[in-house]
Amino acid sequence: MSPRRNHPRRRDSEVPPPLTDERVRKGIEGVQQWQDGEWMVRSIFGGAAVKTYRCPGCMQEIRPGVAHVVAWPIDGRGDETDRRHWHTGCWKARDRRGPGVERSRNAPRYG
């Protein structure tokens, strides 16, 4: 007796595209709706992250090898040149936080 199939069979037309090097490097993207508009969001896998970026949510570095998110507005306010690399947690919490303020080492912390 063969084991029972608990999932429907996939049709040939529903087969996902093959996982190529370019697709792994670019990550998985989709449109997300936020309070400030629609954003194209691309998840970057840790193995595909090869450069250091500055997260606009926390102003900390995103080191090479760290999975993160790339986002840019798609509702007419910007284009792909407005891409920003975010820590995944910072991107998810951006509606609950104020904008990050970049200060120099000598600037007063409060006031």
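1. Start with Cys58. This residue is partly exposed, with a relative accessible area of 27%. Keep in mind that the model is predicted. Cys58 is in no disulfide. The nearest cysteine sulfur belongs to Cys90 and lies 3.8 Å away. A disulfide needs a pair of cysteine sulfur atoms within 2.5 Å, so at 3.8 Å the sulfurs of Cys58 and Cys90 do not count as one.

2. Now Cys90. Is Cys90 buried or exposed? Cys90 counts as buried, because its relative accessibility is 7% and the cut-off for buried is under 20%. Cys90 is in no disulfide either. For Cys90, the nearest cysteine sulfur is that of Cys55, at 3.7 Å. How many disulfides does the structure hold? The count is 0.

3. Next, strand β5. The strand covers residues 68-73. How many of its 6 residues are buried? The answer is 6 of the 6, so β5 is largely enclosed by the rest of the structure. Both faces share in this. His68, Val70 and Trp72 point one way, and all are buried. Val69, Ala71 and Pro73 point the other way, and these are buried too.

4. The partners of β5 come next. Strand β2 (residues 37-44) is joined to β5 by 6 bridges. The two run antiparallel. One bridge can be checked by eye: Trp39 has Pro73 of β5 as its bridge partner. Strand β6 (residues 84-86) also pairs with β5, over 3 bridges. This pairing is antiparallel as well. Here Ala71 stands opposite Arg84 of β6. Pro73 and Ala71 are both among the buried residues of β5 that point the same way.

5. Last, Glu61. Where does Glu61 sit? Its place is in strand β4, residues 61-62. Glu61 is partly exposed, because its relative accessible area is 36% and that value falls between the 20% and 50% cut-offs. The side chain of Glu61 makes a polar contact with the side chain of Arg63, at 2.8 Å.

6. Contacts of Glu61 further along the chain. Which residues does Glu61 touch, leaving aside those up to four places away in sequence? They are Thr52, Tyr53, Arg54 and His87. His85 gives a further distance to check. Glu61 and His85 are 24 residues apart in sequence. In space they are 9.8 Å apart, C-alpha to C-alpha.

Key: Residues are numbered from 1 along each chain as its sequence is written. This is a predicted model: local features need pLDDT of at least 70, side-chain atom pairs count only at pLDDT 80 or more; totals for chains, interfaces and linings use all residues. Side-chain values use heavy atoms; hydrogens and water are left out. Helices (H or I, at least four residues) and strands (E, at least two) are DSSP runs, numbered from the N terminus. Buried means under 20% relative accessible area, exposed over 50%, partly exposed in between (1.4 Å probe, protein chains only). Contact means heavy atoms within 4.5 Å. A polar contact is a pair of N or O atoms within 3.5 Å; within protein, one must be able to donate a hydrogen and the other to accept it, and residues adjacent in sequence count only if both atoms are side-chain atoms. Two strands pair if DSSP finds at least two bridges between them.
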